[in-house]
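I am opening the notebook on this entry and will put down what I looked up, item by item.

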Amino acid sequence: MELVVAASTSTDSALVRTIPIHSPRRHRRNAAFSEFKQQNLPACKPVLKPAYVITTFLLIGFFFIPVGLVTLRASRTVVEIVDRYDAECVPEPFRADKVSFIKDISLSKNCSRILKVRKHMKAPIYIYYQLDNYYQNHRRYVKSRSDQQLLHGLKSKDTSSCNPEESNNGLPIVPCGLIAWSLFNDTYTLIRGTEKLSINRKKIAWESDRNSKFGKQVYPFNFQNGTLIGGGKLDPKIPLSDQEDLIVWMRTAALPSFRKLYGRIEEDLEADDVIVVHLMNNYNTYSFGGKKKLVLSTSSWLGGRNDFLGVSYIFVGGSSVILSIVFMLLHMKNSR
Amino acid sequence: MDSQNPCEGEISLNQWKGGNSVREVRHGSRGGDLEMLGLSQKEIGDDDARLVYLNEPVKSNERYEFSGNSIRTSKYSAFSFLPRNLFRQFHRVAYIYFLIIAVLNQLPQLAVFGRGASIMPLAFVLSVTAVKDAYEDWRRHRSDRVENNRLAWVLVDDQFQQKKWKDIQVGEIIRIQTNETLPCDMVLLSTSEPTGVAYVQTVNLDGESNLKTRYAKQETLPRIPEKEMINGLIKCERPNRNIYGFQANMEIEGKRLSLGPSNILLRGCELKNTAWAIGVAVYCGRETKAMLNSSGASSKRSQLETLMNFETIILSVFLIVLCSIVSICAAVWLRRRRDELDILPFYRRKDFAHGDPKDFNYYGWGLEIFFTFLMSVIVFQIMIPISLYISMELVRVGQAYFMIRDMILYDEDSNSRFQCRSLNINEDLGQIKYVFSDKTGTLTENKMEFQRASIWGVDYSDGRTSSQNDPVQGSKIDGKILQPKMKVKVDPQLLELSRRGKDTKGAKNVHDFFLALAACNTIVPLVVDDRLDSTVKLLDYQGESPDEQALAYAAAAYGFMLTERTSGHIIISIQGERQRFNVLGLHEFDSDRKRMSVILGCPDKTVKVFVKGADTSMFSVIDRSLNTNIIHATEAHLQTYSSMGLRTLVIGIRELNNSEFEQWHLEFEAASTAIIGRAALLRKVASNVENSLTILGASAIEDKLQQGVPEAIESLRTAGIKVWVLTGDKQETAISIGYSSKLLTSKMTSIIINSNSKESSRKSLEDALVASKKLMIVSGTTHNTGPSDEAAVNPVALIIDGTSLVYILDSELEEQLFELASRCSVVLCCRVAPLQKAGIVSLVKNRTRDMTLSIGDGANDVSMIQMADVGVGISGREGQQAVMASDFAMGQFRFLVPLLLVHGHWNYQRMGYMILYNFYRNAVFVLILFWYVLFTSFSLTTAITEWSSMLYSIIYTALPTIVVGILDKDLSRRTLLKYPQLYGAGHRREAYNSKLFWLTMIDTLWQSVAVFFIPLYAYWASTIDGSSIGDLWTLAVVILVNLHLAMDIIRWSWISHAVIWGSIIATFICVIIIDSVPIFAGYWAIFHVAKTELFWLCLLAIVAAALIPRFVVKFLYQYYSPCDIQIAREAEKFGSPRESPNTKIETNPILGSPHG
């Protein structure tokens, strides 16, 4: 019956007036609208009863504490080796004036570090470089790029946002802007015992960036040719979409202390392994007191090692349980 | 004899509103008119006048640019729309703030946001408003077009031809048929009636539906414009908006006639009961009085908004503090790094691209700091909740919709809905502390009913029966029986006496008494068909005073039926016998004399003066040496009548002998044709003849209380609202109405102040103060619970009259009166003039922060309605002036209870919460931006994309707060009406006060810390990029503020669910859309970050950590220190209030909760 009614309303409005069967439906709609107009819509009116509140807090507690514990455990399973090398990779005689050391092209920037693996590290092991006190989120810096140019290359003309790294010697720079100009260029070679550990440096950048943000036909041009060299150079024969270090670097970090993926080791490291790192200490953080660190880290479902979230969950859950107990006591003592 | 029109200048006939009750009604406007009259008594100078040549529109219009008759209520044309509309919109401070911020952002040095994003909010608001304005204006255009194209008969080339209204010009002669609407203001020349009378209905003009009489001058009457040229010149005052005043002279054939308000027909009126009328257009189009009067109500600002401004200033200070912190930190940072800046990779002050290195985008340390400050203002702009002002307007429109649609506020009798004429003060309705009410028409129905009569010292009031359809009474017309339209209950004994004719002395007095009632008025009888009975014609008495109507119907019921009124005579059918009386003269009612009189030439060739008026004024002109005991008896009866709450009138008579009549006649002629000081002269003539009267008796009319008034007053009083009644009635009547309306109760001690000098006023005030203090001490010792108890325990009523107020208002005694009045729970002011009403309102308004409300129905209430914080008009029988001046209008006094206790309460609670919530919502967002700035070396980077920043207050969080502001109800209508004391929440400012503001701000601070720092530490030294963490912050803050709102929603209907969850979903969708644009830096960020568990764990942790403190505090407050509203809510939900020492609802009304 209802179906028939519905069909006829939609097809023939004249029927609506003639067939009396429609009136209840109309009525209902009118009644609903009138309830709306009289502000009498059916509604649920929750009231905070002590029992509800105590239960809520208990439930929060019982959910948050286990989640916190699991999170904390996940964080603890991550094995991380962090090695700060910026200070020690400057030879003794230059320690007083690190900036002039790093600026002097004639000096060798080779440096060796020895890392000890304390716990078994399961593949894949991520190699990050970490910079501290480096404001990749500074407004002048963040804006100094041209996403149009990254995608379309020299075809995009408006690159004014890239200043002061827009052009050099009258020719445009691809990729332009401070971010690309300051590309990080320390390199790491890892050796375990005698054998060199192979580092997979492919697929370290976001796939979406490689596919849609950096042009496959865009090649570096006139890059790092100025009087002031800010960082790494790019191979002009490789399109931007394959310059993964650049792509990683150009996804600017949110916070002044950040890590960037350098590569992956796709074999396990055993406890007590000794790893020798040969690195090229090219990048200048000395002029502004930035720190450089090399990080080797396994990963969990949570990501890297960070106890904060687990602890906060336990704290929130714990407080909830305590609150519920306090309320329960109050309620028993002073039941209204 | 021009006896129809004796009182030109002295307001039209409608001034007379019934003797005793002294409808001080229009005294205010009258005062104004008199003044104006005084000024225009002198010849209208050529400079001030407009000259209208009859039937010579070309000549009339050649010297002056009179406006044509086309009207334009629309504000814009197609071309002027954009500039004018923008200009009007930018009159608002809020929009200017928006604009300045947007302009600042366009400077390259300060460009924090992209062009598009920075203009979007302003453009959005402007375009929404523009579309709304355009639609309204289009409708106005349409109605203008319809109005302008209506047709009228205009004399062209000695023939009446149809012409469009818009083409009518000043000076043209126009012919109007019956039931047609007048196209412009015109001076009446002639009508179908031989006497030159025309009846008009002015319902479109002032809302009064009764007929008013207008007259053509005798000199112009016989002219037929088609056949003979009329040449003449009208010299009239400039266009003005006084619809009751008109001053002009007409020169016609060398004769000079003066014209008054009774000679002019105004645009918008309808011609009734007159076949046709011919007039000459004097004011056209926008210069007509109707158009000059069609201006909107004055705008008021709500108290909440005023309070809110203070908090807005605090927020501005916050904003400045935040910006200063950022600038100072930036200054220090730049200073400390001044040597590194040149080549710092993320700053790079120097540009090496073109040979010599030079500064790039760097203007020196000082300027950089200044720019940082300005940029931080741009970034933190929404700290000042500009969107709140727009949301508030929308919410008020929504609230108004529900008030208008409320069936409870719908008056079936007059078929009138509630009207919201002012959209700015909805929430003030929830905080009213003082109600000033008019009496007649507001508390009472203004539907008068003849109840008793005292004739020749005998009171007739027993054995009331319904009037019979006695054939003797009915007079025949066209073979049909004529009956009065309204039935009146009659006293059989009196009926018997009235039928006896003039045989006995007693019967003669009864005869004269009813003759006076039937004749001494300005009623126009109309004969209408009875729909039920075709053999019967009904007599409808059209008059402007309900008292007069009641008296005329009463006279008809006793067989003295006024059946016809023409220019010079009236016909009264006395017990079925038609008798013709010549109306020789009529002295209108005025406020000085407080009486009116008519001079009748009776069929027996005698001339009699009938006078009726207020007792005070009548006893001074009655010859007290005659019939002393009759006078005493009448006085005693009057006393009884007034104590019963009846309105009384005294009627007197005097026979004029020939010489007296001749003398009066001469004086009257002279006075009514005088050009200078006509009103004063006429008054003098009247007082000369109204003298040495013989008393006939007195009538008593019941002014019926409106339905539900006592209950309404009881509710208002329980709600802690002080009700003051301001009336023009005399003291006894006022007091008796006070008792019948439960305003005064027997428990009350009343203090009465009647003084007639300043000294005595001072003394009685002082005595009264002492007395009231004593009463308080007595009650204070027995109930030492607090000051607010006293009024409840031993209430004091103050009754004060207008004469005393004359000495008190505007003098140093005001202070004492206020002190006294504030101790009284009821104040009754009687015999007050309209301006005094306003004075009393301002007495209270200027001395307290409490809100005042005035309610009234007549023109005499306009001043007080405009003076009070909230003005309510009763759309009743007295026309629309009160409604026009009011902020809200409704049909009945009793609607005040649901309006204040239900809608006012809701609106106040909703608006208060909404303001706090909007402050919180914007501040929490700004603080999140601020915290991030501290981690970007103070460079004002925002992790949240600029688009999200802009959409935040437009899409992400706007709708829920508006919907909650319109729909949420803290308590049901039933509960609010059952416990009026819940209204006290508004008095105690529970929904919005500075304590709540600061609590909210502390909560805001905590929530922003939770939102910002949980992700900060969770992602510290990780690979997170700015866009991803920005998306996390965006979603976190939106979910948080929506859940915060959800936590405070009291009634969850499907609409609330839809908007809250809908907003969160909409935010996700928007973020996804923004992150799908490859050329934005944040391309695909949301998809990357949302794949990680950490993201969702952060969201959950943020919401829980941010809301728990609020939840705990809310619960503790509600459970351990609940306010009345909370208790009532639980009572509503669980059936009975909790057993708690705090539950005062039922035990101790009036009192507020101790937790206010």
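I take buried to mean under 20% relative accessible area, with over 50% as exposed and partly exposed in between (1.4 Å probe, protein chains only). The model is a predicted one, in which local features need pLDDT of at least 70 and side-chain atom pairs count only at pLDDT 80 or more, while totals for chains, interfaces and linings use all residues. Residues are numbered from 1 along each chain as its sequence is written, chains are lettered from A in the order in which they are written, and side-chain values use heavy atoms, without hydrogens and water.

I looked up helix 37 of chain B, residues 1124-1134 (helices here are DSSP runs of H or I, at least four residues, and strands runs of E, at least two, numbered from the N terminus). I found 8 of its 11 residues buried, so helix 37 of chain B is largely enclosed by the rest of the structure. The buried residues are B:Asp1124, B:Ile1125, B:Gln1126, B:Ile1127, B:Ala1128, B:Arg1129, B:Glu1130 and B:Ala1131. They pack against helix 27, helix 30, helix 31 and helix 36 of chain B, where contact means heavy atoms within 4.5 Å. After the helix comes B:Gly1135, with a positive phi near 95°.

I then turned to aromatic pairs (ring centres within 6.5 Å, the six-membered ring for Trp; planes under 30 degrees apart are stacked, over 60 edge-to-face, the rest tilted), of which the structure holds 69 over all chains. The rings of B:Phe436 and B:Trp724 have centres 5.2 Å apart and planes at 70°, so I noted the pair as edge-to-face. B:Phe436 lies in strand 17 and B:Trp724 in strand 31 of chain B, 288 residues apart, and both are buried.
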